[in-house]
Amino acid sequence: MLGKIKELLEEISHLQAANAEEAEALRIKYLSKKGSINALMDEFRTVPAEMKKEVGMKINELKNSALEKINQLKDAAQTQQVAGDDVDLTRTPYPVPLGTRHPLTIVKNEIVDIFSRLGFTLAEGPEVEDDWHVYSSMNFADDHPARDMQDTFFVEAKPEIVLRSHTSSVQARVMETSQPPIRVICPGRVYRNEAISARAHCFFHQVEGLYIDKNVSFTDLKQILLLFAQEMFGPDTQIRLRPSYFPFTEPSAEMDISCHLCGGKGCSFCKHTGWVEILGCGMVDPAVLEANGIDSKQYTGYAFGMGVERITNLKYQVKDLRMFSENDKRFLQEFTAAN
Ligand code: PHE
């Protein structure tokens with residue numbers, strides 16, 4: 001048996017193939033199920049126990065060198081063929097592994113798309129902002145806890161420059177440079193000084209919306225949010241508004257949608273309440289309009305803001321927020337089909 005292996009090793013080292021088909025024929029001859037190396041495997045059963053180790057190692061060696069040799073032949077044949085066909089060898093080799101859109105981008109685009117269809121235009125602004133646009137113009141009292149070191153990342157102490165903690169700062173910039181009617185959505189990354197865990201991160205993404213015109217009412221707000229919820233989570237989705245507080249809106253509310261996993265019956269996802277919270281909203285406080293150069297006697301407006309991570313979690317049940325920023329390709333590739 002050892003002799004046979006040696007012979008085959010010798011034979012394989014001299015193999016030649018003129019093209020890919022010939023190389024494939026060699027693979028079949030030596031390495032396929034019915035090939036000569038597999039035949040040796042059958043014979044291996046009859047080898048006496050004390051010889052098994054040595055013979056086994058030799059067969060493995062034979063198999064590996066056959067594999068290596070035949071792959072080499074195949075590569076060489078392919079290169080020859082390609083070169084012969086006059087193909088551009090500097091071109092990216094195929095298959096090109098396609099990337100996927102990030103799940104947060106997919107969901108952000110979906111949110112932006114829904115509001116664009118409702119007449120909102122896109123506004124963007126800087127992530128490194130001054131205190132005025134993030135807090136003061138938004139009616140935060142000087143001693144409001146959100147300004148605290150706990151929440152805000154300070155970049156500079158004087159004048160106060162911060163990493164924005166919400167995209168309302170973009171709304172402030174829109175208001176100071178334009179007059180109503182204003183109808184914008186502001187997507188973007190925001191930062192808060194929180195310990196990183198499955199449920200909180202030091203940065204996340206928001207889409208905030210602002211509509212200012214004559215006679216804008218809470219009814220308009222409610223209607224647009226219902227429309228949004230049904231577009232995003234399906235036509236049977238219901239909404240409910242609970243009173244809340246934000247410095248920049250009065251009255252303020254938080255919006256829940258009926259849990260789309262159990263249809264509102266109650267499940268572990270919605271903690272058996274049938275509802276899940278998705279955004280904050282309210283009528284723009286007249287003080288905010290005035291601070292940003294808009295006449296609050298003539299105009300009223302509504303605003304809303306939502307976390308893209310939150311909406312993505314609801315849509316795709318991502319259990320750990322950290323997944324979004326870990327660049328794990330296995331996770332990201334799950335969203336290929338959703339593009
Ligand atoms: N800016 C708020 C936040 O970051 C969200 C919000 C926007 C609430 C507009 C009401 C109106 O939490």
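Ala, Val, Leu, Ile, Met, Phe, Trp, Tyr, Cys and Pro count here as nonpolar, Asp, Glu, Lys and Arg as charged, and the others, Gly among them, as polar. With that split, the lining of the largest cavity in this predicted model comes out as seven nonpolar residues, three polar and no charged. The cavity itself holds about 40 Å³ of space, and the structure has one cavity of 30 Å³ or more. Its walls are made by Met138, Ser168, Gln171, Met175, Leu210, Phe248, Thr249, Val284, Val288 and Ala303. Helix 7 gives the most to this lining, with three residues; the helix spans 168–177.

Now for the open space. The second largest pocket has a volume of about 270 Å³, and 18 residues line it. Helix 5 (103–117), strand 5, strand 6 (203–213) and helix 10 each give two or more residues to that lining. Strand 6 gives the most, with four residues. Lying nearest the centre of the pocket are His102, Leu104, Arg189, His205 and Glu309. By class, the lining of the second largest pocket has seven nonpolar residues, eight polar and three charged, whereas the lining of the largest cavity has no charged residue.

Strand 6 also takes part in strand pairing. Eight bridges tie it to strand 10, and the two run antiparallel. Within this pairing, Glu208 sits opposite Gly305 of strand 10. Strand 10 pairs with strand 9 as well, again in the antiparallel sense, over five bridges. There, Gly282 stands opposite Ala303 of strand 10, and Ala303 is one of the residues lining the largest cavity. How enclosed is strand 10 by the rest of the structure? Seven of its eight residues (300–307) are buried, so the strand is largely enclosed.

A further piece of strand architecture is an open sheet of three strands, in the order 2-4-3 and with antiparallel pairing. Strand 2 (128–130) and strand 3 form the edges, each pairing on one side only. From one strand to the next, the twist averages 35 degrees. Strand 2 meets strand 4 through three bridges, in the antiparallel sense, and Glu129 stands opposite Val162 of strand 4. In general, such pairing within a sheet runs through backbone hydrogen bonds, either parallel or antiparallel.

Phe140 belongs to the loop between helix 6 (131–134) and strand 3. Is this side of the loop buried or exposed at Phe140? Phe140 counts as buried because its relative accessibility is 10%, and the cut-off for buried is under 20%. Its contacts, leaving aside residues up to four places away in sequence, are Val134, Tyr135, Ala146, Arg147, His166, Pro247 and Phe248. Of these, Phe248 is also listed in the lining of the largest cavity. Phe140 and Ile59, on the other hand, are 81 residues apart in sequence and 78 Å apart in space, C-alpha to C-alpha.

The backbone has a few oddities to go through. Most residues other than glycine have a negative phi, and most peptide bonds are trans. One exception is the cis bond joining Lys158 and Pro159, with omega about -5 degrees. Pro159 lies in the loop between strand 3 (154–156) and strand 4 (161–163), two strands of the 2-4-3 sheet. Another cis bond joins Pro180 and Pro181, where omega is about 0 degrees. Pro181 is in the loop that leads from helix 7 (168–177) to strand 5 (182–191); helix 7 lines the largest cavity and strand 5 the second largest pocket.

Two residues other than glycine show a positive phi. His272 has a value of about 60 degrees and is found in the loop between strand 8 (249–258) and strand 9 (275–284). His272 is exposed, since its relative accessible area is 60% and exposed means over 50%. For Gln317, phi is near 50 degrees. Gln317 lies in the loop between helix 10 (308–316) and helix 11 (329–332), and at 31% relative accessibility it counts as partly exposed.

Terms used
Residues numbered from 1 in each chain as written. Predicted model: local features only at pLDDT ≥ 70, side-chain atom pairs only at ≥ 80, totals over all residues. Heavy atoms only, no water. Buried < 20%, exposed > 50% of the residue type's maximum accessible area, 1.4 Å probe, protein only. 1 Å grid on protein atoms, 1.4 Å probe; cavity = no way out; pocket = protein on both sides within 12 Å on 5 of 7 lines; lining within 4 Å. Points joined across faces, edges and corners; volume = space filled by probe spheres on them. Pairing = 2+ DSSP bridges. Axes fitted to C-alpha atoms, helices over the stretch in contact; angles between N-to-C directions. Contact = heavy atoms within 4.5 Å.
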